[in-house]
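I opened this notebook to keep a record of what I looked up, written for someone who has not met this structure before.

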Amino acid sequence: MDRKDGKHQAGGRHTHSVTEENDRHEDFFTGTQVKIFTKQLTLKHTSERPSEIVNYGDNISFIDEQGDFPERSQYRYMGAKIPGIDTLMEQDPVKYAKAKFQIIESGQVLPLILDYMPDDGQRTCGVHTVRADGLHYAFHGEYVRDADGRLEFLRNDVIAKQRSVFTYLVKKIGASLLSGKSIMNISLPIDIFEARSELVRNATCHGMAMPFLERAAQLTDPLEQMKLSLTAIIAKLHLNMEQRKPFNPILGETFQGFINGCPVYYEQISHHPPVMAYQVLGRDYRIEGTLELIGSASLNQMKGAFIGLERIVFTKTQNIIYLKFPKVNLEGLMYGKRLGHYISNMTMFDPKNRIYTKVRFDPEKVSMLNIFHKRKLLRDAFFGEITLLKPNFCRQKAEELRVKSDASIKAKPTEVEKVLAVVSGNVLDRIEIDKVEYWRLGKIIPYRLVESLNPLPSDCTYRQDGLHLLLDNIELAQKAKDSMEDQQRKDKKLRTATN
């Protein structure tokens, strides 16, 4: 869905001038000759309306001559198309990694001025995540939905590598691992990872939510805003079921990017426990929150979740929807098929309008002792209700949320005044609210995540372990990962010593 329904909210127009050109250099992305400027952009305010996208600081202003957001195909940085982080890493990871190393070794973050970018195989110049090879934008031909409604991972080579690592961990720390304790603080060998940070993976998921939130932001009806927000969250869940392990972010690690022209910011604000803070500045709305990634494993099963509160804030109505995510269950860690599906509850709460949503994933309860029970529902099924809560409860919760960012938003059945709508569907198929279809898998394609051209030096796209991994330098990647983790431990000791 290509939309042009918002205004850029930046205060003041900007322009730029480049003061000195160094020389021409072969660009690692394309092999073509490009210009590299040794000095950063000179910024100044102007009353003139810019006719192209300009860079100011670490952000990009997406403004066309009418002051609207242009189509994604018009996005330029000094005349160059903005590359997508996902397709460049997949299309030519070697050139991508070398280009990043070139920036690192220069000693400063230089903007690469690209004269030409090849077709990246994405529809509408990368607005949407659609692969030219016909494979699914999220599943890439590596996943199928099994007969029970679980997502099955088909890459046996990746599974075998993961199982060898897990076998090593069982031998090393087996007692605590098999007891179901947290596995988030365990350092893993490099060859189990994909070349992405958890910050990037989490940011990518917003691309599926944004088409619905853009519609919700233009409404004044709080119930329909809740319905579209609920759709946005459930619709993006399948994007976060990737079986490859992303890098655990280092404390202070950041990510800056754009989704459909909207800025996306992430930072790892705690290492133990691992907590990320983030903000997405949408058109007339924003998404923000702090989430802690938790996970526990037994011999052949693992449960994981993001705990904490996410907030969706709508600018026009000042309505705020708080939400908590469900858990994901993975089976087949050591033997059998590798399967995943969501479990537990997801809750959403709009205290101002007293609207509360509770959705139960995999709602059919089956006793482990009843081996002959035949399931009536698929494992990816969910059911729930959107309800109106009593005023006193909402006032109390609103005050709690004002002073405590991670306050509980759970409401007991006795606090419900009436049911407003019924929710049902399947995570890997569709969402229906009062029997009206709000989303179906593949019908709406998510927006792509695009990395910032001039991010902070702490940006996770500069992680040298990930770049070495793209170059297939496993030994160097492991050394880089160990070096970062050693430095992080030293920093922690210094902070502890100085209180």
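The entries below follow a set of strands and then turn to a single residue in a helix.

Entry one. I began by noting that I am reading a predicted model, and I went to strand β15, which spans residues 285-297. I found that β15 pairs in the antiparallel sense with strand β14, residues 275-282, over 8 bridges. Looking at where the two meet, I saw that G282 has Y285 in β15 as its bridge partner. The two strands form a hairpin with 2 residues between them, and in that turn D284 has a positive phi of about 70°.

Entry two. Which strand does β15 reach through a hairpin of 3 residues? I traced the chain onward and found that this hairpin joins β15 to β16. Strand β16 covers residues 301-307, and its pairing with β15 is antiparallel, over 6 bridges. Within this pair I noted G295 standing opposite G304 in β16.

Entry three. I then looked up strand β17, residues 310-314, and found that β15 pairs with β17 as well, in the antiparallel sense and over 5 bridges. Here I wrote down that I287 stands opposite I312 in β17.

Entry four. I left the strands for helix α4, residues 198-216, in which E214 lies. Is E214 buried or exposed? Its relative accessible area is 1%, and because buried means under 20%, I entered E214 as buried. I also checked its side chain, and found that the side chain of E214 makes a polar contact with the side chain of Y447, at 3.3 Å.

Notes. Residues are numbered from 1 along each chain as its sequence is written. This is a predicted model: local features need pLDDT of at least 70, side-chain atom pairs count only at pLDDT 80 or more; totals for chains, interfaces and linings use all residues. Side-chain values use heavy atoms; hydrogens and water are left out. Two strands pair if DSSP finds at least two bridges between them. Helices (H or I, at least four residues) and strands (E, at least two) are DSSP runs, numbered from the N terminus. Buried means under 20% relative accessible area, exposed over 50%, partly exposed in between (1.4 Å probe, protein chains only). A polar contact is a pair of N or O atoms within 3.5 Å; within protein, one must be able to donate a hydrogen and the other to accept it, and residues adjacent in sequence count only if both atoms are side-chain atoms.
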